[in-house]
Amino acid sequence: MSSLCVPPQFVSLKLSEFNSRKLLGSFASPKRDFRVFSMSIDVKEASNFISAAPIFLPEGPWKQIPGGVTAAEGFKAAGMYGGLRAAGQKPDLALVTCDVDAISAGAFTRNVVAAAPVLYCKSTLQKSTTARAVLINAGQANAATGDAGYQDVIDCSNALSNLLQVSPDEILIESTGVIGQRIKKEPLLNSLPKLISLLSSSVKGADSAAVAITTTDLVSKSVAVEFEVGGSRIRIGGMAKGSGMIHPNMGTLLGVITTDACVDTDIWRKMVQVAVNRSFNQITVDGDTSTNDTIIALASGLSGSNRISSLHSSEGNQLQMCLDAVMQGLAKSIAWDGEGATCLIEVTVSGAGSESEAAKIARSAAIYGRDPNWGRIACAAGYAGICFDSNALRIALGDILLMEGGQPLPFDRSAASNYLKEAGDAHGTVKIQISIGDGPGTGLAWGCDLSYDYVKINAEYTT
């Protein structure tokens, strides 16, 4: 895994900038001999390392806004380089905090060999319904590291809770990086005071955190939306990382979702699981299910909206719809950024008996989205484990109808090839529509094509 090392840059500050309260608090002195001759600042902006991903938000009654995880009321974030990465100085530590006790929820890998931070978070969420901070490190996955790795997580949690003056049960931790390596604990612990000092509710704070959690990602993933529920403005923001080892039940995928909605704990936890099932569990890149997959979702309740106490109320439906949109936007960016990928594959399945049936077929078909042999798409739909009448099967590639009533149709093969080529050349989206009958169930899934770069990226991952 290679990183871009940006050399120190020097900037000047206008004298008027010293009038801010923050700078006065640091530099003001009653002594008249206080003078500033020069100042150098080591600028390592997050955008200097990787750019931001395109966000493919579905259409709906929301407005995309800047801010990521800091867009919702009460949240701050920061990212910095703490010396955990094997190479380069890309930020590798991120922190997201809430000013109040935030209702917490989580979704995790189903890999039996779950990483130490996954086991820790699952235990913590069972003990506490609220959280105040999520600490994330890149560089080491702290997976398959035994009791020593688990103790590392506890030590990091205790250190951060002491600095933030909150309970250790309100600290959640995520890790990503090389499996089998424990966290570089000493650099991490030494970095915590500075990381806390960098916390900000600004877009910059959110962006730096989004970059800090990446590994082989070529782009960072961050999004926020604003919408109205019952006359109150509510915001949902999020960030995620993921590029390889992506498969249903989540992949090497970390994320933090924040909202200022006011919602009951049990309702929020159910909503988060539903949204994960409709988004992160519906993407596949390479068929690997990782050890560290974690999504943490926090609700501050600071929007001033009415409390949502029912999944099926009008307000509950609106919040679920917007939460789905944010997670789907991030999930699609992960599939778009698949290691070595040249296009995003979007599969829509309709006519199934239920949403879960449609989702399962969509996941199977997403793997073969850019294979010009569309028969493999039909094959994948058939082995997904869902019974349907093969004579009802309909498949379209973009606007090109390939199969109707279970029968192959003559089609313009050069047009189909051009559709795929143009999507790849533009790193665009290939859309596939599959219908298996007249049932009410619909589902979406996303994947990507794997190029030869996939092998190269993974061969160099530990360097």
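In these exercises, contact means heavy atoms within 4.5 Å. Keep in mind that the structure is a predicted model. The protein has 11 helices and 16 strands, and 52% of its 463 residues count as buried.

**Exercise 1. A proline in a loop**

Find where P54 sits, and work out which residues it is in contact with, leaving aside its neighbours within four places in sequence.

Solution.
- Step 1: Locate the residue. P54 belongs to the loop between strand 1 and strand 2.
- Step 2: List its partners. With neighbours within four places in sequence left aside, P54 is in contact with S333 and W336.
- Step 3: Set sequence against space. P54 and I334 are 280 residues apart in sequence, yet their C-alpha atoms are 9.9 Å apart in space.
- Step 4: Classify the accessibility. The relative accessibility of P54 is 31%, so P54 counts as partly exposed.

**Exercise 2. The aromatic pair**

Describe how the rings of F56 and W336 are arranged, and say which parts of the chain they link.

Solution.
- Step 1: Choose the descriptors. A pair of aromatic rings is described by the distance of the centres and the angle of the planes.
- Step 2: Count the pairs. The structure holds 1 aromatic pair.
- Step 3: Read off the geometry. F56 and W336 are 6.5 Å apart centre to centre, with 50 degrees between the planes, and the pair is tilted.
- Step 4: Place both residues. F56 lies in the loop between strand 1 (51–52) and strand 2 (63–64), while W336 lies in helix 7 (residues 314–336); the two are 280 residues apart, and the pair links distant parts of the chain.
- Step 5: Compare each value with the 20% cut-off for buried. F56 has a relative accessible area of 22%, so F56 is partly exposed. W336 has 13% relative accessibility, so W336 counts as buried.

**Exercise 3. Two helix pairs**

Decide how helix 6 and helix 7 are oriented to each other, then do the same for helix 3 and helix 4.

Solution.
- Step 1: Know what to look for. Two packed helices are described by the angle between their axes and the distance between the axes.
- Step 2: Take the first pair. The axes of helix 6 (residues 265–277) and helix 7 come within 9 Å and cross at roughly 40 degrees. Helix 6 and helix 7 are therefore oblique to each other.
- Step 3: Add the handedness and the contact. Helix 6 passes helix 7 in a right-handed crossing. Residues making the contact include W268, M271 and V272 of helix 6 and G316, L319 and Q320 of helix 7.
- Step 4: Take the second pair. Helix 3 and helix 4 (residues 185–197) have axes that come within 10 Å and cross at roughly 20 degrees. Helix 3 is therefore roughly parallel to helix 4.
- Step 5: Finish the second pair. Helix 3 also passes helix 4 in a right-handed crossing. Among the residues that meet are D152, D155 and C156 in helix 3 and K185, L188 and L189 in helix 4.

**Exercise 4. The residue before a helix**

Is T145 buried or exposed, and which residues is it in contact with beyond four places in sequence?

Solution.
- Step 1: Locate T145. The loop between strand 5 (130–140) and helix 3 (146–164) holds T145.
- Step 2: Use the value. T145 has 15% relative accessibility, so T145 counts as buried.
- Step 3: Name the partners. Leaving aside its neighbours within four places in sequence, T145 is in contact with A116, G180, Q181 and R182.

**Exercise 5. A sheet and its helices**

Trace the order of the strands in the sheet, and identify the helices that pack on it.

Solution.
- Step 1: Write the order. The open sheet has 6 strands, arranged 14-13-12-15-11-16, and its pairing is mixed.
- Step 2: Find the edges. Strand 14 (407–408) and strand 16 (439–448) are the edge strands, and each pairs on one side only.
- Step 3: Look at one pairing. Strand 13 (residues 400–404) and strand 14 run antiparallel and are joined by 2 bridges. Here M403 stands opposite P408 in strand 14.
- Step 4: Add helix 8. Helix 8 (residues 355–366) packs on the sheet and touches strand 11 (344–351), strand 15 (429–435) and strand 16; the direction of helix 8 makes about 30 degrees with that of strand 16.
- Step 5: Add helix 10. Helix 10 (residues 413–425) also packs on the sheet, touching strand 12 (394–397), strand 13 and strand 15, and the direction of helix 10 makes about 130 degrees with that of strand 15.

Methods. Residues numbered from 1 in each chain as written. Predicted model: local features only at pLDDT ≥ 70, side-chain atom pairs only at ≥ 80, totals over all residues. Heavy atoms only, no water. Pairing = 2+ DSSP bridges. Helix = DSSP H or I, 4+ residues; strand = E, 2+ residues; numbered from the N terminus. Axes fitted to C-alpha atoms, helices over the stretch in contact; angles between N-to-C directions. Phe/Tyr/Trp six-rings, centres within 6.5 Å; stacked < 30°, edge-to-face > 60°. Buried < 20%, exposed > 50% of the residue type's maximum accessible area, 1.4 Å probe, protein only. Parallel < 35°, antiparallel > 145°, perpendicular 65-115°, else oblique. Left-handed = near helix turned anticlockwise from the far one by under 90°.
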